[in-house]
Amino acid sequence: MKTKAAVLHGVNEEWQIEEVELGDPVAGEVQVRLASTGLCHSDHHLRTGQSPAPFPVVGGHEGAGVVVKVGEGVTRFAEGDHVVTAFIPACGVCGPCSRGAQNICDEGAGLLTGLSISDKTHRVTQGDVGLTQMCLLGTFSPYITVNQASLVKIEDDIPLQQAALLGCGIATGWGSVTEIGGTRVGDTVVVVGIGGVGINAIQGAKAAGARHVVAVDPVKFKRDMAEKLGATHTFESMEAAIPAVGEMTWGTMANTVVLTIGEMKGEYIAPAMALTGKGGQAVVVGMGDYAAMDVSLNLFEMTLLQKRLQGAIFGGAGPRTQVPKLLNEYRAGQLNLSDLVTQTYKLEDINRAYDDMLEGNNIRGMVVFDESDW
């Protein structure tokens, strides 16, 4: 079928809304009509060249919609099912999946290749040119054809438009403090960077029973939103937070510091570790330049105070376990979905939407598709 998509043709170029050809599902694949897609900073890394991927690229990896076609051998989904995309596929049979670590499934090795899991060809094309689907998804388009490993079925009672955020921002943020962070009742948690991921780290820390939930962001609007969704204290910078966290914890500092900054840099690690207490950990969630190698780190302090510096992807939990768990948190009133999307856009407005993100105007912007897109 022919459909439209936001396509990126090179570094530092703008997204272009173009007609593309979307292939039907082959064996193991599913076609989905999307209701919405979140606008994550990770897709902007394609535009800056900080995430390497073959151009042209159809962006987007955070979506929700309805199954409209299924390929041969698909057993997990049927037409009419409501689904959320998972930016990390979970095949269920590779080594990591078999050990319960679906968030680092071996199929993730192909995330930025543009080649489908099923047959290693392109499912989105323009003439003879194959287009890369961001994270094997490419949700900056009203229709996607993807492997069933990249989808999670959800119940029909969940608002489909808001459910898109479960595919990245919510699961990544929430899990960074509850799964990777292991937050317990009475802990002190610091979240640095209050965007679509960080705001859900705030929600997760509150739900886990943290005594102090500290939000750090230079934008007042974001600090205010963090307070609304569970932060007990807010600061403009890590440097400003360090003495205050020391005072509120009687010098023991934070159990967990989560770095959900849109563009991670090595210089952020040292102050994050200064915020981290003995036996605690700093969790790096935000993405940096793939070629960056420099990190500021006091190894003397790291050793003597037994601190940990930990990476995290998809919040440290597999999509098929984390998404249903988060839906139960929503039903129990612990997960706020309605306040996460601060502005909605048409696909044609995607460049303005990313300008808003970079200017700090959004917690999460979202493209909403309607009948005119389908």
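Q: How many disulfides does a search of the whole structure find, and what makes a pair of cysteine sulfur atoms count as one?
A: The search turns up 0 disulfides. C91 is in none; its nearest cysteine sulfur, on C105, sits 3.6 Å away, and a disulfide needs two cysteine sulfur atoms within 2.5 Å, so that pair doesn't qualify. Bear in mind that this is a predicted model, where local features need pLDDT of at least 70, side-chain atom pairs count only at pLDDT 80 or more, and totals for chains, interfaces and linings use all residues. Residues are numbered from 1 along each chain as its sequence is written, and side-chain values use heavy atoms, with hydrogens and water left out.

Q: Why is C91 called buried?
A: C91 has 17% relative accessibility. Buried means under 20% relative accessible area (over 50% is exposed, in between is partly exposed; 1.4 Å probe, protein chains only), so C91 makes the cut.

Q: What about C168: how far away is the nearest cysteine sulfur?
A: That sulfur belongs to C40 and is 4.1 Å away, and C168 is in no disulfide. At 5% relative accessibility, C168 counts as buried too.

Q: What makes W15 and F140 an aromatic pair, and of which kind?
A: By the ring rule there are 3 aromatic pairs. W15 and F140 come in at 5.4 Å centre to centre, with 80° between the planes. Rings of Phe, Tyr and Trp (its six-membered ring) pair if their centres lie within 6.5 Å, and planes under 30 degrees apart are stacked, over 60 edge-to-face, the rest tilted; so this pair is edge-to-face. It links distant parts of the chain, 125 residues apart: W15 is in the loop between β1 and β2, F140 in the loop between β8 (129-133) and β9. (Strands are DSSP E runs of at least two residues, helices H or I runs of at least four, numbered from the N terminus.) Both W15 and F140 are buried.

Q: Why is the pair of F87 and F314 called tilted?
A: The ring centres are 5.3 Å apart and the planes meet at 45°, so the pair is tilted. F87 lies in the loop between β6 (82-85) and α2 (95-98), and F314 in the loop between β16 (308-311) and α10 (319-331), so the pair ties together parts 227 residues apart in sequence. F87 and F314 are both buried.

Q: Which residues do ring pairs link into a cluster?
A: W15, F140 and Y354.

Q: What makes a space a cavity, and how many of 30 Å³ or more does the structure hold?
A: On a 1 Å grid over the protein atoms alone, it's a set of points where a 1.4 Å probe fits but cannot get out; lining residues have an atom within 4 Å of a point. The structure holds 2 cavities of 30 Å³ or more. The largest has a volume of about 70 Å³, and its lining includes E29, L115, Q133 and N147. β9 gives the largest share of that lining, 3 residues. The second largest holds about 50 Å³, and β1 (2-8), β2 (16-22) and β9 each give two or more residues to its lining.

Q: Why does Q148 count as buried?
A: Its relative accessibility is 12%, so Q148 counts as buried. Q148 lies in the loop between β9 (143-147) and β10 (151-154). Leaving aside residues up to four places away in sequence, Q148 touches G28, E29, V30, G73, V74, T75, R76, F77 and R320, where contact means heavy atoms within 4.5 Å.

How values were computed:
On a 1 Å grid over the protein atoms alone, a cavity is a set of points where a 1.4 Å probe fits but cannot get out, and a pocket is an open set with protein on both sides within 12 Å along at least five of seven lines; lining residues have an atom within 4 Å of a point. Grid points are joined across faces, edges and corners, and a volume is the space filled by probe spheres set on the points.
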